[in-house]
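Let's take a walk through this structure together, starting from a single kind of contact and ending at the place where the chains meet. Keep the viewer open as you read.

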Amino acid sequence: MGLMTNPKAQKIIEKVVLSTYKPLSVLLYIGTFVAIVIVSSSLFSAKTYISENALLPGLVEKQYKSTSDINGYANYLEGISKTDDDIPMAWLQQTFEEIGLDTYSQNFSASHPFLNSPEDVRGTNVFAILRAPRIAGTEAVVFSIPYRGKALEKKMGSTNHGIALMMSLAKHFIQQSYLSKDIISDSRQREYRGSSLGEAYYDTSSDFLAKSPLHGRSGTIMAAINLELPGRRIDHFDLRLEGLNGQLPNLDLFNVAVKLCEKEGVKATFHGQGSLTHTELRDNYGIRYTSKTMLSNMLRQASGKPHGIHGLFLRYGIPALTLHGIPSNSKKGDQSHSIGYILEGIFRSVNNLLERFHQSFFFYVLPETKKYVSIGLYMIPMGMLLVIPTIQALALWFLLGRKSKNIDKDEPIGEEPKGQHHYVIPVLIGVHVCGLLLYLSPEFFVVNFSSYFGLPPTEALVDWVRSCLYWYNLITSYK
Amino acid sequence: MKIVSIISVFLLSFEYGFASDDDYFIEELYMNPMPNGFVHSHFQFSIFSNSNLFRSSGQHYDLFPKAVGQIIESHDVKELHLSLTQGLWRHDKWGYPVRSSPPGAELWAWFNETPARSIDESWANLVNSLSGLFCASLNFIDATNTVVPNLSFRPSGVVRGGECPDQDSVRYASLPKENVCTENLTPWQKLLPCNSKAGLSTLLNAIRLYNAHYHTLTVDVQPVCQSYPACTSTVLRLTQSISVVFRPTLNAGHQQWSLQSLFDRPLKGSCPLAVKSYIHVDISNESISLDYTLNPPPSKVTSDDHGKVASYDVAEMTQGRSSLNIKFKWTSKVIYGKANPPTLHAHRFIAGYGQENGGITCMIYNNDISNAVDVVYMETLPWYVRLYLHTMKIKTENGTDVKPDMLRFVPGRDRGRPYLLELMFTLPPASVITFSIQFDRAFLKWTEYPPDANIGFYLGSAVISANLPSSANFTTARQLQDASLPSSSSSSPGSEQFIRIYTEPLLLQLPLPDFSMPYNVICLVCTVFAIAFGSIHNLTTRRLDYEKKKETIWMKVKRRIPFLGKKEKKDSKESKEEKKEDGRARDASSTNEDATGDAGRTKEDVAKGTKVD
């Protein structure tokens, strides 16, 4: 550690740092971006693998068959959702009970933290629990599907076929004696703004969410699958992983879904990117595709917004993903069977689990569906980025030392410089005022301007934060 | 010895009218088709032994299994209740079972107090003996999961001398993680007089039993009155039972069941050693009161205000016939509905998430619209679930507090004793009472985690004991235990009925270390030590000071002799460099000399770092 104390070496470091820190910072900035792109390429990223032995995806015989039920359920739901916004609660409850599930419902009303408006979000969630015969209700898997209704369907696409498939699968699973985890079927109204299953399940209290008590539960939730199925036929499944605040599910769950999709001949993509084809791979190791996927993955994580309602489960430590069906252009054919097999396979795999998902990665980014970049690799560009503030700080420190030396030469030693504190006071006051403004402004903004811009209150807050960030960036960049 | 029985509210009594001194054996099967399509089958095998096991030394075992008799005798056991259960009895769907048991293994026993051994010692020996006898992991019962309940458990047999039993002589433990399979069934079957060779036990087909929604194996040993109500002498009764719940509607779509369809075989005959061999089919459910046929027709149909039961005398029915296959058929299409939940049931869950703290909430439902129900709630939790009694809340639906009439709390001790909470409170008519308590999740030592720590830790069922005010709401299943159908019930209608219900077991996630972490930590720490420790230690512990360099003789000589002056200059340069090297001590002596820089130092004496201490 002579380096730290040796004045000779210090001098050299000082010299080097001061002469190079500006170009070095720029270089590292560029280098970071380049490194991220390089790391995403198939040269560096590793192939995904199933880490948990118990999962054994696709090993068992496919048994699910009941396409005729699906059509009946789906037609009914389509009829309802064309005219109505509300969840057909009575019908859902009755159907689940006929199948033989324990059915519970919960009403909720969410109010906005700032606005005392009468337009509080109200809704109903219907839970149906398939009690597994092999277990005393200590473990469960969630099968969740958002119910959208007339207005939302236009915006976000229909999910009615998913609910129909859920019922049909429940009918199949209830006849099986191998189930060792309860299956909770969860039809959810007002996906993002209402009560999440976690809130109901763990009985957490919130000032802004009033909910009726839930009279039935299952045990620890081991995983959650959210299905958004627009119709009988899909082009491919887009798998969505990013949750609230960029949380990710265990990589094993994703791998299982990809593997089963592949087995059934349904294309699986991640941010629009499937597994790289040979032609794509020949093009500079597919770097164009992989970097785009990985960057959009990181961007989505950075936004903090969940990429589907599975994201709300991740908050409770439940690995979850969304299978988002992209509607197909051709209207011929019926894929209900293969989609049914995929979900049967996923549930059977998760059913095999002896412990919670813990074997595989929790920190990763994905350049495509079959490759991953683990934390060990993506920390390298991350580290490069962190070097910049370090050398900048170092440079400032050295500059400070030089300045004080110059002062020493001019001024007599031993005399306190006087009257230099006064200039801090306005800064101090200014900072406090800014803090106060920041503290009050969200509420002020939402209350006064949300109606002005014609934004719903929940969106308004997010937009406010965005605009703040934008102005901050603008100001700092011109400085 | 004169024995007087006290009939506590928990006491069950029996009268069979067999006054002989020999052992006798009764086998029964109770079947209950439920309105929601489930079929509950309860096998009960009872052996009554007159040979006084506890007194004479050279006992003679007739029908009473020697294995059980010896265990009871050598461990001074007064009463023994063991259950091995797979699945959870769903009270809201299935009503009340004949004998309640929680998921996993449960054992509770009353001991005779002897000066020779302490009860804890007897308990430890008993647990290990039973573990061997039933091939179950009962040996995992130790001081960390055994409790001495005061309010929830009473002797269920006859109690001597009219005195209240000493509550310290009972031990209770449950193992919610225990799995039950054929390895437990086989030794259990071996205790039966006819094994599985003849009689009702031939129906116990392991493949069917272990595909059911719920099944439980139980063994109960207790002294009962030989004759009732004049209880002049007692007999020892061993009751072995198996309860199974099937759901025939799922595969067939309808509830047309028969012995063949449920157990994959018909009944060949009764056990020749049994004095009674009966099959009872409960036909008292309103929805099935009409449109069904039972083939062959039953020997007799009894109905009272508890319900209606069709009974088959197996010995009589199989005479002259090769086999008996009772078939239950509908004459018209039936729509299976939702079962009405019984008077008292409960729902328990873990509230909160994360790995730091949490809470247990139990919602207890009283569906009786006119009567309040007194309940005793017992919660036994392992020591790593650190309960906070002050956070306990018992509330009604509208948020008013319910004050417990009695509260007993035995705090846990780390690695020594579980937490025990017993509460007695009243449920108002038609109410939902919510009990909740908060806890902290302990961080275990890394060797204390089981190999499959990532599944979580099982917390046993809470036990709710209650006296239900009216017996009208009972399913007939209860009466089997009380009266062993079809003889008269010990409890007259209208009197209180004791029931015990078990809530859901819970799976709790404790904070876990990453178990691959020790390796990483060791690697990292070793590297850091190897590289940085020496120099950092040196830097931080060394104190550096300036000290006068001692003038050596050679230096004196150099100073004196003028032609060596050139060399002296060079020498001083060297010493200056040496000083710079040692200038790392600057921090230690931050004096003015230091601030003035090199110039100030050259004129001074040579600095040299010396290690202090």
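A salt bridge here is a side-chain nitrogen of Lys or Arg within 4 Å of a carboxyl oxygen of Asp or Glu. The model you are looking at is predicted, and by this rule it holds 21 salt bridges over all chains. Here are two of them, ready to find on your screen.

| Salt bridge | N to O distance |
|---|---|
| A:Lys62 and A:Glu264 | 3.5 Å |
| B:Lys93 and A:Asp102 | 3.1 Å |

Begin with the pair inside chain A. A:Lys62 sits in the loop between strand 1 (46–47) and helix 3 (67–83), while A:Glu264 belongs to the loop between helix 8 (251–263) and strand 9 (267–269), so their salt bridge ties together parts of chain A that are 202 residues apart in sequence.

**Where the chains meet**

The pair B:Lys93 and A:Asp102 joins side chains of two chains, and the rule finds 1 salt bridge across the interface of chain B and chain A. Polar contacts between these chains come to 14 residue pairs, both partners at pLDDT 80 or more.

On the chain B side, at least two residues each come from helix 2 (91–94), helix 6 (248–252), strand 15 (344–351), strand 16 (357–366) and helix 10 (517–541). Strand 15 of chain B gives the most, with 4 residues. Sorted by character, the residues of chain B that touch chain A are 18 nonpolar, 11 polar and 9 charged.

How much surface is involved? The size of an interface is often given as the accessible area lost when the parts come together. Chain B and chain A bury about 3300 Å² between them, with 52% of it on carbon and sulfur atoms. Of the area that chain B buries against chain A, 18% is supplied by B:Arg90, B:Tyr353 and B:Asn454, more than by any other three residues. In terms of contacts, 38 residues of chain B meet 38 residues of chain A.

**A sheet in chain B**

Strands 15 and 16 of chain B also take part in an open sheet of 4 strands, ordered 15-16-21-18 with antiparallel pairing. Its edges are strand 15 and strand 18 (385–395), each of which pairs on one side only. On average, neighbouring strands of the sheet are turned by 20 degrees against each other, direction ignored.

Further in, strand 16 of chain B pairs with strand 21 (residues 431–441) of chain B in the antiparallel sense over 10 bridges. To see this pairing on screen, look for B:Ile360, which stands opposite B:Ile437 in strand 21 of chain B.

Technical notes: Residues are numbered from 1 along each chain as its sequence is written. Chains are lettered from A and ligands numbered from 1 in the order in which they are written. This is a predicted model: local features need pLDDT of at least 70, side-chain atom pairs count only at pLDDT 80 or more; totals for chains, interfaces and linings use all residues. Side-chain values use heavy atoms; hydrogens and water are left out. Contact means heavy atoms within 4.5 Å. Buried area is the accessible area (1.4 Å probe) that two parts lose on being put together, summed over both. A polar contact is a pair of N or O atoms within 3.5 Å; within protein, one must be able to donate a hydrogen and the other to accept it, and residues adjacent in sequence count only if both atoms are side-chain atoms. Ala, Val, Leu, Ile, Met, Phe, Trp, Tyr, Cys and Pro count as nonpolar, Asp, Glu, Lys and Arg as charged, and the others, Gly among them, as polar. Two strands pair if DSSP finds at least two bridges between them. Axes are lines fitted to C-alpha atoms, for helices over the stretch in contact, and angles run from 0 to 180 degrees between N-to-C directions.
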